[in-house]
Amino acid sequence: MSVKENLSAVLEKIADAEVKAGRTQESVKLLAVSKFHPQEAVKEAIAANQFLFGENRVQEAMEKFPSILEENPSVKLHLIGQLQSNKVKNAVKIADCIQSVDRIDLLKEIEKQCSKIEKKIKVLFEFHTGEESKSGFASREELCKALDFCAEGKAPHIIPAGFMTMAPFTEDQSAIHKSFSTLYNLAEKLKNEYKNFDLTELSMGMSGDFEAAIAEGSTMVRIGTAIFGERDYTNK
Ligand SMILES: *Cc1c(COP(=O)(O)O)cnc(C)c1O
């Protein structure tokens with residue numbers, strides 16, 4: 001199957017899941033995760049009208065995306081992997097959104113680098129909801145400290161836009177649903193507490209669990225394998 005065919009199959013499944021969950025049509029955005037796949041694969045997806053992409057690692061994104069972003073102003077790149085502070089300088093150059101904000105120090109560095117280039121950037125706060133994954137804010141208190149930091153006006157170049165999580169890698173459907181509903185419920189509360197921000201984005205769901213994520217209120221699914229095929233980790 002080609003990237004184009006995979007994309008339309010995934011879009012159809014997203015649409016079906018929206019209907020099944022009683023969600024509005026096209027309320028779920030598709031982030032095509034191109035990590036470990038070559039630039040040609042990204043271009044195939046663009047030719048099939050996919051404009052929103054996700055990458056895990058800044059260095060790989062820097063090899064693949066600058067020329068693409070220059071040629072296609074409608075293409076947007078989100079960074080979704082754990083981000084070391086020394087990578088932030090390049091990250092903010094190419095990303096429209098950083099989905100994996102998991103500590104205040106990272107917010108501070110994003111603010112610093114964005115102010116240098118006078119760019120505003122969207123961020124999602126990653127929250128730990130699954131037993132097996134280690135990434136994300138571990139508690140609501142920690143997450144609120146980060147939101148407070150922004151609410152106090154200390155990060156004028158940062159636009160808090162919502163939340164992200166990864167479900168545990170398990171066959172246990174109830175554990176997967178629980179992980180997503182945990183983030184949904186937390187997001188509902190925080191949207192109320194931080195009314196000055198538009199915290200509507202809920203990035204949850206990958207190739208193996210996006211239908212469950214949509215049932216639990218995801219607004220953006222991050223899909224790699226189902227679009228681009230298996231990743232060849234020996235390539236890098
Ligand atoms: C790789 C990755 C994805 C995509 O995973 P697939 O299972 O290939 O769809 C989604 N989110 C994050 C954070 C990832 O690292």
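This passage describes the ligand site, selected helices and residues, and salt bridges of a predicted model.

The residues surrounding the ligand are Val33, Lys35, Asn56, Ile80, Met166, Met206, Ser207, Arg222, Ile223, Gly224, Thr225 and Arg231. Three of these residues approach oxygen atoms of the ligand through polar side-chain atoms. For lysine 35, an N or O atom of the side chain is 2.7 Å from a ligand oxygen. In the case of serine 207, the corresponding distance is 2.5 Å, and a polar side-chain atom of arginine 231 lies 2.7 Å from an oxygen atom of the ligand. Of the 380 Å² of accessible area that the ligand has on its own, 92% is covered by the protein.

Two serines were examined individually. Serine 203 belongs to strand 7 (residues 201-203) and is classed as buried because its relative accessibility is 0%, under the 20% limit. Beyond its neighbours within four places in sequence, serine 203 contacts Gln99, Leu124, Phe163, Met164, Thr165, Met220 and Arg222. Arg222 is also among the residues that surround the ligand. Serine 179 is part of helix 7 (residues 173-193) and is likewise buried, at 2% relative accessibility. With residues up to four places away in sequence set aside, serine 179 touches Thr129, Gly130, Thr165, Met166, Ala167 and Pro168. The side chains of serine 179 and threonine 129 are joined by a polar contact of 2.5 Å. Asparagine 90, 89 residues from serine 179 in sequence, is 32 Å from serine 179 in space, C-alpha to C-alpha.

Helix 5 (residues 104-116) comprises 13 residues, and at 1.5 Å a residue its expected span is 18 Å; the end C-alpha atoms are 19 Å apart, in agreement with that value. Its buried residues are Leu106, Leu107, Glu109, Ile110, Glu111, Gln113 and Cys114. The elements covering these buried residues include helix 4 (88-94), strand 4 (97-101), strand 5 (121-126), helix 6 (140-151) and strand 6 (158-164). Just after helix 5, glutamate 118 adopts a positive phi of about 50 degrees.

Positive phi values also occur at two other non-glycine residues, glutamate 26, with phi near 60 degrees, and phenylalanine 36, with phi near 70 degrees. Glutamate 26 is located in the loop between helix 1 (3-20) and strand 1 (29-33), and it is exposed, with 72% relative accessibility. Phenylalanine 36 is located in the loop between strand 1 and helix 2 (39-47) but is buried, at a relative accessible area of 16%.

The model contains ten salt bridges. One of them connects lysine 122 and aspartate 96 at an N to O distance of 3.3 Å. This pair links distant parts of the chain, 26 residues apart, with lysine 122 in strand 5 and aspartate 96 in the loop between helix 4 and strand 4. Lysine 122 is partly exposed, with a relative accessible area of 32%, and aspartate 96 is partly exposed at 22% relative accessibility. Elsewhere, salt bridges with shared partners unite Glu55, Arg57, Glu60 and Lys64 in one network. Within this group, glutamate 55 pairs with lysine 64, the closest N and O atoms being 2.7 Å apart. Both partners are buried, glutamate 55 at 0% relative accessibility and lysine 64 with a relative accessible area of 6%. Glutamate 60 forms a salt bridge with arginine 57, in which the closest N and O atoms are 3.3 Å apart. Here glutamate 60 is buried at 3% relative accessibility, whereas arginine 57 is partly exposed at 38%.

Definitions and conventions: Residues are numbered from 1 along each chain as its sequence is written. This is a predicted model: local features need pLDDT of at least 70, side-chain atom pairs count only at pLDDT 80 or more; totals for chains, interfaces and linings use all residues. Side-chain values use heavy atoms; hydrogens and water are left out. Helices (H or I, at least four residues) and strands (E, at least two) are DSSP runs, numbered from the N terminus. The expected span of a helix is 1.5 Å times one less than its number of residues. Buried means under 20% relative accessible area, exposed over 50%, partly exposed in between (1.4 Å probe, protein chains only). Contact means heavy atoms within 4.5 Å. A residue is near a molecule or strand if one of its heavy atoms lies within 4 Å of it. A polar contact is a pair of N or O atoms within 3.5 Å; within protein, one must be able to donate a hydrogen and the other to accept it, and residues adjacent in sequence count only if both atoms are side-chain atoms. Accessible areas come from the Shrake-Rupley method with a 1.4 Å probe; for residues, only the protein chains shown count as cover. A salt bridge is a side-chain nitrogen of Lys or Arg within 4 Å of a carboxyl oxygen of Asp or Glu.
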